[in-house]
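Thanks for sharing this one. Here are a few notes to read alongside the coordinates.

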Amino acid sequence: MTARIARSAAAILVLLIVVVGLAVTIVPRFLDRLYYEGPASDHYDGARFYNPDGDQDTQRLPGGGSRAGFLWRQLTGRDGRPPWPAQVPVAPSRPAARVMGERMVVTWIGHATVLIQTQGLNILTDPIYADHAGPLGFGPRRVAAPGVRFEDLPRIDLVLVSHDHYDHLDQAALRRLWQRDRPGIVTSLGNDSVIGQVGAKALALDWGGSATLTAAGLRDTSRDIRCDPDSWCPGDRAQVFVTRNHHWGSRWFTDRNRALWSSFVVRLPSGGNIFFAGDTGFGDGLWPAEAAAYGPVRFAMIPIGAFRFQPGEMRSGSHVGPAETALIHQRLGAARSLPIHWGTFRLSYEGYDTPPKLLAAAMRCTGGSGFAAERLGVPFEVAPYAKPVTGKPMTPPEMMRCLDTPEVKALP
């Protein structure tokens, strides 16, 4: 009996040693809290990043209540949410290898993943090809297949990664892209650590930093006076400026705001700039003008979904709704904008097609133009920049009063 107990104890001890050894090896890949270390700034306290225009709205749970209650409602769907389709039909397209000159062809692949082809460059934003927007194969399930199959993507030159949430930073997709194309990957501080976990290499920059894509590859030109925002960096193919937005970041429960979130401006040799908002709330509403200061915006990608967590809600702290998105389009002075971040993963409680319908109503309020939904996987052309019809300047309260109609209130 004593020998049997001793053998059992030894076996348990060996098992514990193996488990601890595996934990030391595996767990840090998912729970790493030290994505970035550097000097404090107006949006970094030496340990975590924060929004300089305030974090009260990003710290609250959507819809209120406890975290356990929120997760339970998400898992069970017991929150009064309207039905969504289980599957949305998508006919994937096969883009051209390159689009030359000032001509620009854009394909919305799904969620915040967009392929922009112009000037002989292929640019991809927040590439996500996962079936679930969450860790370890869990999380909201994709209802719309990618508008371009991964194997049909042309060779990618530049990838923009806005932050570390699972519906924007898909490690598997980034690993495949890196192994296949070795693209230049630009992100904001700390996210290079997460991307690096799968062997891909990214250039991580602070807000206001810049990178230049040259024939020899991507380089940090944040401190190169030849490449400041008011000049054109000699010999480059594109300049990327990392710009402020209003959001937060986390991969797990313990790493909140260890990595920075951002939007981007891409400056091309001619035709106007590209703006990618990433994932964002409205915040102080000043950051769109900061991005527009880099030059006229030919084409912008702005989120319109995942904003409603209780009946009638028009925004959440870290996600703009279509009402505020119409104001962002206006404040950017964008000639053409694509609504993204809707219709792919169910992250909130609004109806499937509520975001584009509400956006159309908001655009009628401003009287502006150039901002309407496009179909997944269907390429469309964007003309070179021409001064847009921006419509009537509005504040968020004025927009909400304009949208206080039976038509809008009836949207689920």
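1. Let me start with T366, bearing in mind that this is a predicted model. T366 counts as buried because its relative accessibility is 4%, and the cut-off for buried is under 20%. In the chain, T366 belongs to helix α8, which covers residues 354-366.

2. What does T366 touch, leaving out residues up to four places away in sequence? The contacts are L327, Q330, T390, G391, K392, M394 and M399.

3. Next, the sheet. Its 7 strands are arranged in the order β6-β5-β4-β3-β2-β1-β14, and the sheet is open with mixed pairing. At the edges sit β6 (203-205) and β14 (380-382), each of which pairs on one side only. On average, neighbouring strands are turned by 25° against each other, direction ignored.

4. Within that order, you may like to look at β3 and β4. Strand β3 (residues 121-125) runs parallel to strand β4 (residues 158-161), and the two pair over 3 bridges. Opposite L124 stands V159 in β4.

5. Finally, a pocket for you to inspect. The second largest pocket holds about 390 Å³ of space. Its lining has 20 residues, and those closest to the centre are G134, L136, Y166, Q171 and R251. Two elements, α1 (2-31) and α4 (171-181), give two or more residues to this lining. Of these, α4 provides the largest share, with 3 residues.

6. How do the lining residues of the second largest pocket divide into nonpolar, polar and charged? There are 10 nonpolar residues, alongside 5 polar and 5 charged ones.

Terms used:
Residues numbered from 1 in each chain as written. Predicted model: local features only at pLDDT ≥ 70, side-chain atom pairs only at ≥ 80, totals over all residues. Heavy atoms only, no water. 1 Å grid on protein atoms, 1.4 Å probe; cavity = no way out; pocket = protein on both sides within 12 Å on 5 of 7 lines; lining within 4 Å. Points joined across faces, edges and corners; volume = space filled by probe spheres on them. Helix = DSSP H or I, 4+ residues; strand = E, 2+ residues; numbered from the N terminus. Nonpolar A, V, L, I, M, F, W, Y, C, P; charged D, E, K, R; others polar. Buried < 20%, exposed > 50% of the residue type's maximum accessible area, 1.4 Å probe, protein only. Contact = heavy atoms within 4.5 Å. Pairing = 2+ DSSP bridges. Axes fitted to C-alpha atoms, helices over the stretch in contact; angles between N-to-C directions.
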